[in-house]
Amino acid sequence: MTGTPFGRFHHVGMAVQNTGQAMGLLRALLGAEPEGPRYEDSNQGVFVQFLRAADLRIELLEPAGSPGPLDSILRRGIALYHICYEVDDLDERLLGLVNGGANLLSAPKPAVAFGGRRVAFVMVQGLMIELVEGE
């Protein structure tokens, strides 16, 4: 797999209060269009909507319940939530990152938005990185 030491760039994730409103704003600002349906992922506690703006894929994440993992992020007003990379071997990449000093935030678990492929989250120098298993 080509790309960065993390893997191949996949998307940026944005925490939002309402995916419909955020989609309208990003459509007006960037010409972003929906890419697939809106999902509810009870494993992650979020609603998910992907958008495409030229070569950029954006994942909108809306809290699906209360309290949820996005609540503290949205209270601080932070919209950019994470950067995601697709990797061939999720377990191997996670082990390398953790051994290299990354903090494991969320162990691998299936994600509805990726057809059940597993995702995991790590923190690297203050930046949250999502890793998604390759197809």
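So, overall size and shape. This is a predicted model, and for 135 residues a compact globule would come out with a radius of gyration near 14 Å; the protein chain has 14 Å, so the two agree. If you draw a box around the C-alpha atoms along the principal axes, that box is roughly 40 × 35 × 25 Å. The accessible surface comes to about 7100 Å², and carbon and sulfur atoms account for 53% of that. As for the inside, 44% of the 135 residues are buried.

How many helices and strands are we looking at? There are three helices and nine strands. Walk along the sequence and the order reads β-α-β-β-β-β-α-β-α-β-β-β. And the chain does come back on itself: take the contacts between residues at least 6 apart in sequence, and 53% of them join residues at least 24 apart.

Okay, the core. The largest nonpolar core has 23 residues, and the ones touching the most other members are Leu26, Leu51, Ile58, Leu60 and Leu131. Which elements give two or more residues to this core? Strand 1 (8–15), helix 1 (19–30), strand 4 (46–53), strand 5 (56–63), strand 6 (80–87), helix 3 (90–99), strand 8 (118–124) and strand 9 (127–133). Apart from that core there's another one, of 17 residues, with Ala15, Ala111, Val119 and Val132 among them.

Let me zoom in on leucine 26. Skipping its neighbours within four places in sequence, leucine 26 is in contact with Met14, Gly31, Ala32, Leu51, Ile58 and Leu60. Leu51, Ile58 and Leu60 should sound familiar, since they were named along with Leu26 among the residues touching the most other core members.

Now over to the other core, and valine 132. This residue lies in strand 9. Is valine 132 buried or exposed? It's buried, because its relative accessible area is 0%. Not counting residues up to four places away in sequence, valine 132 touches His10, Cys84, Tyr85, Glu86, Val87, Phe114, Arg117, Arg118 and Val119. There's also a distance to look at here: valine 132 and aspartate 89 are 43 residues apart along the chain, and their C-alpha atoms are separated by 9.2 Å.

On to the aromatics. The structure holds three aromatic pairs, and I'll show you two of them. In one, phenylalanine 50 and phenylalanine 114 have ring centres 5.6 Å apart and planes at 65°, so we call that pair edge-to-face. Where do the two rings sit in the chain? Phenylalanine 50 is in strand 4 and phenylalanine 114 is in the loop between strand 7 and strand 8, so the pair links distant parts of the chain, 64 residues apart. Both partners are tucked away: phenylalanine 50 is buried at 5% relative accessible area, and phenylalanine 114 counts as buried at 7%.

The other pair is tyrosine 81 with phenylalanine 121, and this one is tilted, with 6.4 Å centre to centre and 45° between the planes. Tyrosine 81 lies in strand 6 and phenylalanine 121 in strand 8, so this pair ties together parts that are 40 residues apart in sequence. Tyrosine 81 is buried at 15% relative accessibility, and phenylalanine 121 is buried too, at 8%.

Phenylalanine 121 also leads us to leucine 105. Leucine 105 lies in strand 7 (residues 103–110), and beyond four places away in sequence it touches Phe121, Val122, Met123 and Met128. So is leucine 105 buried or partly exposed? Partly exposed, because its relative accessible area is 44%. Looking back along the chain, aspartate 88 is 17 residues away, and the two C-alpha atoms are separated by 20 Å.

Last stop, a charged side chain: arginine 57, in strand 5. Arginine 57 counts as buried because its relative accessible area is 18%, and the cut-off for buried is under 20%. What joins its side chain to histidine 10? A polar contact of 3.0 Å. Leaving aside neighbours within four places, arginine 57 is in contact with His10, His11, Val12, Glu35, Phe50, Leu51 and Arg52. Two of those have come up already: Phe50 from the edge-to-face pair, and Leu51 from the largest nonpolar core.

Terms used: Residues numbered from 1 in each chain as written. Predicted model: local features only at pLDDT ≥ 70, side-chain atom pairs only at ≥ 80, totals over all residues. Heavy atoms only, no water. Core = buried A, V, L, I, M, F, W, Y, C linked by side-chain atoms within 4.5 Å. Buried < 20%, exposed > 50% of the residue type's maximum accessible area, 1.4 Å probe, protein only. Helix = DSSP H or I, 4+ residues; strand = E, 2+ residues; numbered from the N terminus. Contact = heavy atoms within 4.5 Å. Polar contact = N/O pair within 3.5 Å; in protein donor to acceptor, adjacent residues only side chain to side chain. Rg over C-alpha atoms; globule rule 2.2 N^0.38 Å. Areas by Shrake-Rupley, 256 points an atom, 1.4 Å probe, with all protein chains shown as cover. Phe/Tyr/Trp six-rings, centres within 6.5 Å; stacked < 30°, edge-to-face > 60°.
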